[in-house]
Amino acid sequence: MRVLSVAYLIAAFVFIYLPVGALVLFSFQSGSLPVPPFDGPSLQWYAAILSDGDLMRALLHSLLVALCSSAVAVSLGFGAAYGLARHALPGSALVRGLLIAPMTVSYLIIGLGLLIVVQRLGLGLSLVTAGVGHVVINLPLCFAIIYASMGAQQQNAERAARDLGADEARVVLLITVPMLMPAIAAAFFLSVTLSWDEFIISFLLTRFDVTLPVEIWSMLRSGLSPELNAIGSLVFLVSVAIVVLLETTLLKGRK
Amino acid sequence: MTLSRDTLRGWGFAAPALLWTLAFFVVPFVVMGAMSLATMEGRTLIWGLHLDNYAALAQKKYLWRAIIVSLEITLTVTVVSVLLAYPLAWIIAFRVPKRWQRLVLLLSILPFWTSYVVRSYAWLLVLAREGVVNKAMIWLGMIAEPVTLANTRFATVTGFVHFFVMLLVLTIYANLIQLPPNYRRAAMDLGASAFQTFRHVILPLTLPGIMTGAFLTFVLCIGDYITPQILGGNTELTVPQVIMVQLGRRADFPLAAALALVLMGIVTLAYLAFARWLRLDRI
């Protein structure tokens, strides 16, 4: 490697890790301002967030919304992928286009549309409405990932099972789902990460019970604080853990 | 037309996803379209076929201004991100030893997974008056007094570029490693300089990857509310910020809906401009 390449690589990594580094470092700050000089290490801000009832409730809400909405998105996405890949349906190109369409629209607009409908119908905003929104944004992704991995090799196994007398439900549950597990799991974990981090839809579609990014948002109004650093570092850690898990277990060996 | 059992069964599997998309995406979208044609009289909403909201775009300067600000920021971010990401992807693909490549790539996009809100907050921390950058520059003797970096357009652009460089490194890297090494060798053997090889062989072949990444950057950047809201201060507003203002204090949903559709119109125009390079079916 030439000197110039190494220098560029280092500069790029400094730029990429500067905000994350500052975030994590000053979460261990001992004073009450997360700016240099560093006077830690101290774990007091982590203790502060763990005993903050609102914040921990928001964290549980986020997990709940992420897991439930991802489960729904993966189930619906799998059904659509199976139906379209295994059965000759008239107009299937149109259906595929429709299922993918939400991917091309910004989250703000999807959230706004749902908010208008919910208000017109006089329904209340809650974690459920936010979850519905998260399914809308994750369904196209789940469908695309699972649809892309439906190949001929599974089809042969499905045919064999059918010839041996398995009904449709058994074929799907005992043959297709296990064979597609890597894609299904990848779709699920990707959905969980996206939903866990999602802000604008949750912001528009929740009211009293909020998710973690929304709670962090309201904490932001009072300016810089090591407490924000601590909760931010924790959120980052969870996302990274999921990504590393995905990279090391599910995608290993797939080139 | 009679439907075979097979077709019926296929629809059975696809129906829940289809119904979900219709109910929670298509219907809200249509309602939003109708809402953009409604109008507000005081605090009451009047449905109808009014064009007031679209007329307001032409008449009210702050709305027009928001569109210009959004476009300026988005174009700057897209160009700067591509220019910074391309060399990085190049170095990872061709200069970093093979066995380290995967790790370097993974590390260079890891902060991509920080949530939007947290990432913008982290930049606020870095760019604040008392923050890391100001302290470092004072310590190095580059400046005597802290300079205002946060709550400016510079901060918004920096926050965006940080995010999109990581996204673009991924798309451009994927494109670069697919290039057969023979093309480069052939060009060099035929007497092309390194620059000529890049200009006439590598660049045209990687253009689809660049353009796909640039289009994604454009779309995600112009629709984002969080980054400009946290980092940009309140001196100038982007279109998503103006939409949120309508939803909040003013509760002017018709105008918000019209602005959302204008935003979609801009994205559609961008798609048409990028379309000749995009292979979205291959994503």
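This is a short walk through a predicted model of two chains, A and B, one selection at a time.

**Before you click**

Residues count from 1 along each chain as its sequence is written, while chains are lettered from A and ligands numbered from 1 in the order in which they are written. Since the model is predicted, local features need pLDDT of at least 70 and side-chain atom pairs count only at pLDDT 80 or more, but totals for chains, interfaces and linings use all residues. The model scores ipTM 0.85 and pTM 0.87.

**Stop 1: chain A**

Select chain A and show it as a cartoon. You'll find 12 helices and zero strands; helices here are DSSP runs of H or I with at least four residues, strands are runs of E with at least two, and both are numbered from the N terminus. Along its principal axes, the C-alpha trace of chain A spans about 70 × 60 × 30 Å.

How many of the 255 residues of chain A count as buried? The share is 46%. "Buried" has a cut-off: 20 or more other C-beta atoms lie within 10 Å of the residue's own, against 12 or fewer for exposed, with partly exposed in between and C-beta atoms placed from the backbone.

Now select residues 59-246 of chain A, where UniProt (unreviewed entry) places "domain: ABC transmembrane type-1". UniProt positions follow the numbering used here, feature names are shortened, and annotations may be inferred rather than shown by experiment. That span is 80% helix and 0% strand, and its end C-alpha atoms lie 22 Å apart.

**Stop 2: Ala81(A) and its neighbours**

Zoom in on Ala81(A), in helix α3 of chain A. Ala81(A) is buried, with 29 other C-beta atoms within 10 Å. What is Ala81(A) in contact with, leaving aside neighbours within four places in sequence? Light up Phe143(A), Ile146(A), Tyr147(A) and Met150(A). Contact means that the two C-beta atoms, placed from the backbone, lie within 7 Å.

Next, click Ile146(A). Not counting residues up to four places away in sequence, Ile146(A) touches Gly77(A), Phe78(A), Ala81(A), Leu180(A), Ala183(A), Ile184(A) and Ala187(A).

For a longer jump, draw a distance from Ala81(A) to Phe236(A): 155 residues apart in sequence and 32 Å apart in space, C-alpha to C-alpha.

**Stop 3: the largest nonpolar core**

Ile146(A) is also one of the residues that touch the most other members of the largest nonpolar core, which has 147 residues. Select the others with it: Ala80(A), Leu112(A), Leu139(A), Leu124(B) and Leu125(B). Helix α3 (residues 53-86) of chain A gives the most to this core, with 14 residues. A nonpolar core is a set of buried Ala, Val, Leu, Ile, Met, Phe, Trp, Tyr and Cys residues joined through C-beta atoms within 7 Å.

**Stop 4: helix α11 of chain A**

Head along to α11(A). Seven of its nine residues are buried, so α11(A) is largely enclosed by the rest of the structure. The buried ones are Leu212(A), Pro213(A), Val214(A), Glu215(A), Ile216(A), Trp217(A) and Met219(A).

**Stop 5: where the chains meet**

Show both chains. Their contact takes 69 residues from chain A and 61 residues from chain B. On the side of chain A that touches chain B, which helix supplies the largest share? Look at α1(A), with 13 residues. By class, that side of chain A has 54 nonpolar, 10 polar and five charged residues. Here Ala, Val, Leu, Ile, Met, Phe, Trp, Tyr, Cys and Pro count as nonpolar, Asp, Glu, Lys and Arg as charged, and the others, Gly among them, as polar.

**Stop 6: chain B**

Hide chain A. Chain B has 12 helices and two strands, in the order α-β-β-α-α-α-α-α-α-α-α-α-α-α from the N terminus. The radius of gyration of chain B (taken over C-alpha atoms) is 24 Å, well over the 19 Å that the globule rule gives for 283 residues, so chain B is more spread out than a compact globule. That rule is 2.2 Å times the number of residues to the power 0.38.

Color chain B by pLDDT, the predictor's confidence in each residue, from 0 to 100. Chain B averages 86. Within chain B, confidence is lowest in strand β2 (residues 44-46), at a mean of 80, and highest in helix α3 (residues 61-94), at 93.

Last selection: residues 253-274 of chain B, one of the spans that UniProt (unreviewed entry) lists as "transmembrane region". This span is 100% helix and 0% strand, with its end C-alpha atoms 31 Å apart.
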